[in-house]
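Visitor: I've got a structure open and would like a close look at one part of it. Could you pick a strand and walk me through its surroundings?

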Amino acid sequence: MRIDILSLFPAMFKGILESSILAIALEKKLVDIWLTDIRNFSYASHRNVDDRPYAGGPGMLLKPEPIFRAVESIPHNPEHPPLYILLTPQGEVFQQKTALELSQKEHLVLICGHYEGFDERIRLGLKPREISIGDYVLTGGEIPAMVLVDSIARLIPGVLGDIESTEHESFSNGLLEYPQYTRPPVFRGMEVPEILYSGHHKKIEEWKKQKALERTILRRPDLMKNAAQNSGENA
Ligand code: ADE
């Protein structure tokens, strides 16, 4: 999979692309990530890429020309045209199922906004999918793009060593994860539940399911509706 990121601050991505699992995925060429500085596509002498909105209003908007020029500079395979994604608080809210869907695409182009927003012709011309990472406003789309890249890349086959680890985690079955323990068996008086070292696989699975349900009902009752639907579909 190829991911292009268009940003005014490409240096912000250095940390996440050079650390941990993403760095390994890049090295193993399981994912190919390209950064494009939108400013390189400005026509203006001071490389500015924003302007005041017509008819007034607060702040500045990203101009269409540098965005279109940057997008058009990206090589792509005509058999797999890229999916353009605009990071914006106005978009659909990103979820685990969105990450799973996007992890199956050949080519994503993430466009990070800044300032008050985008000139509407960026939406009209590129027809991007618009994604928000939650109902709050950040200073730009870079952190949301990092969230997408991280959550998508880890779902690409081979990126995580243990394939099972994405199957049992929170959200993948619509529930939060059950509590987990490692050694020592007793820490500061807190004991690992006996069932977990009983060796009784069926009972352990039941315990995990029960604990995942309890935790979801307590912390995220809103997830229960989807979880009920999922279990209905699987039945
Ligand atoms: N840009 C600013 N805030 C954002 C958000 N919550 N999600 C996506 N892009 C954004």
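**A close look at strand β1**

Guide: Let's start with the side chains of β1: Arg2, Asp4 and Leu6 point one way, Ile3, Ile5 and Ser7 point the other way, and all of them are buried. That pattern fits a general habit: in a regular strand the side chains alternate between the two faces of the sheet. Bear in mind that this is a predicted model.

Why can we call β1 enclosed? Six of its six residues are buried, so β1 is largely enclosed by the rest of the structure. The cut-off behind that word is a relative accessible area under 20%.

Now for what surrounds β1. In the open sheet the five strands come in the order β2-β1-β6-β5-β8, with parallel pairing. The edges belong to β2 (32-37) and β8 (129-132), each of which pairs on one side only. Going from one strand to the next, the twist averages 30°.

On one side, β1 (residues 2-7) is joined to β2 by six bridges, and the two run parallel. Asp4 sits opposite Trp34 in β2, and Ser7 has Asp37 as its bridge partner in that strand. With β6, β1 pairs over five bridges, again in the parallel sense. Here Asp4 turns up once more, with Val109 as its bridge partner in β6. So to follow Asp4 across the sheet, look for Trp34 in β2 and Val109 in β6.

Next come the helices. Helix α6 (residues 142-153) packs on the sheet and touches β1, β2, β5, β6 and β8, and its direction makes about 160° with that of β6. Helix α3 (residues 64-72) has a buried set made up of Pro64, Pro66, Ile67, Phe68, Ala70 and Val71. Those buried residues pack against β1 and β2, as well as β4 (61-62), β5, β6 and α5 (120-126). Both α6 and α3 are therefore worth displaying when you look at β1, given that β1 is largely enclosed by the rest of the structure.

Let's carry on to the other end of the sheet. Five bridges hold β5 and β8 together, and these strands run parallel too. One pair to find there is Val93, which stands opposite Ser132 in β8. The side chains of β8 also split two ways: Arg129 and Ile131 point one way, Glu130 and Ser132 the other, and all are buried. Helix α4 (residues 96-103) lies across β5 (83-93), β6 (107-112) and β8, running at about 140° to β8. Within α4 you'll find Thr98, which counts as buried because its relative accessible area is 4%. Leaving aside neighbours within four places in sequence, Thr98 is in contact with Glu92, Val93, Arg129 and Ile131. Val93 is the residue we just met opposite Ser132, while Arg129 and Ile131 are the β8 pair that point one way.

Leaving β8 along the chain, you come to Gly140 in the loop between β8 and α6. Gly140 is buried, with a relative accessible area of 15%. Not counting residues up to four places away in sequence, Gly140 touches Gly113 and His114. From Gly140 to Ile67, the C-alpha to C-alpha distance is 15 Å, with their positions 73 residues apart in sequence. Ile67 is one of the buried residues of α3.

Zooming out, the protein chain has nine helices and 10 strands, and 40% of its 235 residues count as buried. Residues 24 or more positions apart supply 74% of its contacts with a separation of 6 or more. The C-alpha trace spans about 70 × 40 × 40 Å along its principal axes.

Finally, a few backbone details to check if you plan to use these coordinates. Most residues other than glycine have a negative phi, and most peptide bonds are trans. Ser20, in helix α2 (residues 20-27), has a positive phi of about 55° although it is not a glycine. Arg188, in the loop between β9 and β10 (190-191), also has a positive phi, of about 45°. Ser20 counts as exposed at 56% relative accessibility, and Arg188 counts as exposed at 74%. A cis peptide bond joins Arg183 and Pro184, with omega about 5°, and Pro184 lies in the loop between α7 (164-167) and β9 (186-187).

How values were computed: Residues are numbered from 1 along each chain as its sequence is written. This is a predicted model: local features need pLDDT of at least 70, side-chain atom pairs count only at pLDDT 80 or more; totals for chains, interfaces and linings use all residues. Side-chain values use heavy atoms; hydrogens and water are left out. Two strands pair if DSSP finds at least two bridges between them. Helices (H or I, at least four residues) and strands (E, at least two) are DSSP runs, numbered from the N terminus. Axes are lines fitted to C-alpha atoms, for helices over the stretch in contact, and angles run from 0 to 180 degrees between N-to-C directions. Contact means heavy atoms within 4.5 Å. Buried means under 20% relative accessible area, exposed over 50%, partly exposed in between (1.4 Å probe, protein chains only).
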